[in-house]
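Work through these exercises with the model open beside you. Try each task before you read its solution.

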Amino acid sequence: MITRADLQRIQSLPDNAMVLMAVVNDNPDLPENHGTGLQTRVKVKMQEAGVPPTPMNQVLEDLQVARTHHGKSSLYVVGEAFFERFEIQADLPERFHYGRPLKSLLDSILEQMPTVAVLAVDHEWARLFILHQGELREARSEENVRLDDGDRWDTMVSGTRHVPGAPGAGGAGRGQPGSGPRSDSGTDLFEAREDAMRQRFYNAQVESLERVLRALAIRQLILVGPVQRVAEFKAELPKTASFEVIGETNVVGGAGWANPAEILEKIGPIVEEHRRKTEEQLLERIQEHGVMELERVLEMIQQSRIYQLVIPEDGSQFHLYRSHNREVPYFTGKKDVTESPLDGSLMERVTLEEVLPDLIDLYGLEVKRLHGDCAKRLVQEFGGIAGLPRY
């Protein structure tokens, strides 16, 4: 897992440092990673990326080491005086970069692993899990207050009343003749008390959930549990909640005994489906209101008229030109522009991935990456890059 301290350390690497940043899908369960397949594939890709022999050999040697705790992918950050590997519990597309620190690579990795809250709930238990970087961890477990001896079902039911004047039921007391038929008031009382306690339990959980998710800045929630109980709990959520319920499912054993591994298996497709739908909706917004084509997008970005930039998951496939003078920044997609029209400084060819941090800092952009089929549509139908205008 990549911690906040790790992120800060990588983001603070000097801009002029020469660093290898690589995402390797080293999942041992994949057939293509068996035998020497993993090392051979990674070596070829690093050679294609122009990685020097020293950092290349460090990575290849590390891949040969058998590890007891192993993620599905690894992020390598290798410099002249440091070597770091971060294990990630997700199958990520492989990427290799050597040169100035590609700090936007971290954002692209984390965006593929959204942080989601998972609440396993029924009338007895509410267990809160947090899905973070592909790992599911239990954050809190609370049990509903049980009925005490004075509120037990048999105590309540034994106190049933009788209707005076009717034959056939025990009446004034033990051994005395009946005075009327029994009523179900004791059973009704028990059920009413049980419903009230469940309602209080749900209300308390909703209030606590809102507070916790707001503090953690989590905006997506998945509910796990029996259909009826999930529906009851969902009905208590306020319309103004700071989070969105993106899916519901159930697991064997109920909320109190649910296996986290089973929960993780069930919620994976829900998270993926929600991301796909969200990206499709974003493409619809681009089609209706967006700006397309690289030069037009760059022009409007530099006029501060774009608030959201939409790109494929790997921005290194797109090249543009940036002025050498960082004090007077200028960006263009035109190959024939050799000097900045602002101050005459020379232009250098860079990838979109390299300039993303500058574009974000200078113009306050929010960057959204599309994946899979949505990324292909962005390239084929919209030219590979798009922006949503402020006005």
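Two strands pair if DSSP finds at least two bridges between them. Keep that cut-off ready for the sheets below. Note also that this is a predicted model.

**Exercise 1. The five-stranded sheet**

Find how many bridges join strand 5 and strand 6, then place both strands in their sheet.

Solution.

Step 1. Strand 5 covers residues 116–121. It pairs with strand 6 in the antiparallel sense, over six bridges. The cut-off for pairing is at least two bridges. One bridge to look for joins Val 121 to Ala 126 in strand 6.

Step 2. Now widen the view. The open sheet holds five strands in the order 7-6-5-8-9, and its pairing is mixed.

Step 3. Look at the edges. Strand 7 and strand 9 (244–249) each have a single partner strand, so one side of each has no neighbour in the sheet. From one strand to the next, the twist averages 20 degrees.

Step 4. Add the helix. Helix 9, residues 260–289, packs on this sheet and touches strand 5, strand 6, strand 7, strand 8 and strand 9. The direction of helix 9 makes about 130 degrees with that of strand 9.

**Exercise 2. The three-stranded sheet**

Which strands stand at the edges of the sheet with order 13-12-14?

Solution.

Step 1. This open sheet has three strands, with antiparallel pairing.

Step 2. Strand 13 (331–332) and strand 14 (347–351) are the edge strands, since each pairs on one side only.

Step 3. Check one pair. Strand 12, residues 319–323, meets strand 13 over two bridges, in the antiparallel sense. Arg 322 has Phe 331 of strand 13 as its bridge partner.

Step 4. Helix 11 (residues 352–363) packs on the sheet and touches strand 12, strand 13 and strand 14. The directions of helix 11 and strand 14 make about 105 degrees.

**Exercise 3. Two helices side by side**

Decide whether helix 2 runs roughly parallel or antiparallel to helix 3.

Solution.

Step 1. Take the angle. The axes of helix 2 (residues 37–48) and helix 3 (residues 53–63) come within 10 Å and cross at roughly 165 degrees.

Step 2. Apply the cut-off. Angles over 145 degrees count as roughly antiparallel. Helix 2 is therefore roughly antiparallel to helix 3. The crossing is right-handed.

Step 3. List the contact. Helix 2 brings Leu 38, Gln 39, Val 42, Lys 43, Met 46 and Gln 47. Helix 3 brings Met 56, Val 59, Leu 60 and Leu 63. Sorted by class, the contact has seven nonpolar, two polar and one charged residues.

**Exercise 4. Three loop residues**

Are Gln 133, Ala 217 and His 371 buried or exposed?

Solution.

Step 1. Recall the cut-offs: buried is under 20% relative accessible area, exposed is over 50%.

Step 2. Gln 133 lies in the loop between strand 6 (125–132) and strand 7 (135–143). Gln 133 is buried because its relative accessibility is 3%.

Step 3. Ala 217 sits in the loop between helix 6 (185–216) and strand 8 (220–224). Ala 217 has 63%, so it is exposed.

Step 4. Compare backbones. Most residues other than glycine have a negative phi. Gln 133 has a positive phi of about 55 degrees. Ala 217 also has a positive phi of about 55 degrees.

Step 5. His 371 is in the loop between strand 15 (366–370) and helix 12 (372–382). At 8%, His 371 is buried. Leaving out residues up to four places away in sequence, His 371 touches Glu 111, Gln 112, Arg 275, Glu 279 and Glu 313.

How values were computed:
Residues are numbered from 1 along each chain as its sequence is written. This is a predicted model: local features need pLDDT of at least 70, side-chain atom pairs count only at pLDDT 80 or more; totals for chains, interfaces and linings use all residues. Side-chain values use heavy atoms; hydrogens and water are left out. Axes are lines fitted to C-alpha atoms, for helices over the stretch in contact, and angles run from 0 to 180 degrees between N-to-C directions. Helices (H or I, at least four residues) and strands (E, at least two) are DSSP runs, numbered from the N terminus. Angles under 35 degrees count as roughly parallel, over 145 as roughly antiparallel, 65 to 115 as roughly perpendicular and the rest as oblique. A crossing is left-handed if the near helix is turned anticlockwise from the far one by less than a right angle, and right-handed if clockwise. Contact means heavy atoms within 4.5 Å. Ala, Val, Leu, Ile, Met, Phe, Trp, Tyr, Cys and Pro count as nonpolar, Asp, Glu, Lys and Arg as charged, and the others, Gly among them, as polar. Buried means under 20% relative accessible area, exposed over 50%, partly exposed in between (1.4 Å probe, protein chains only).
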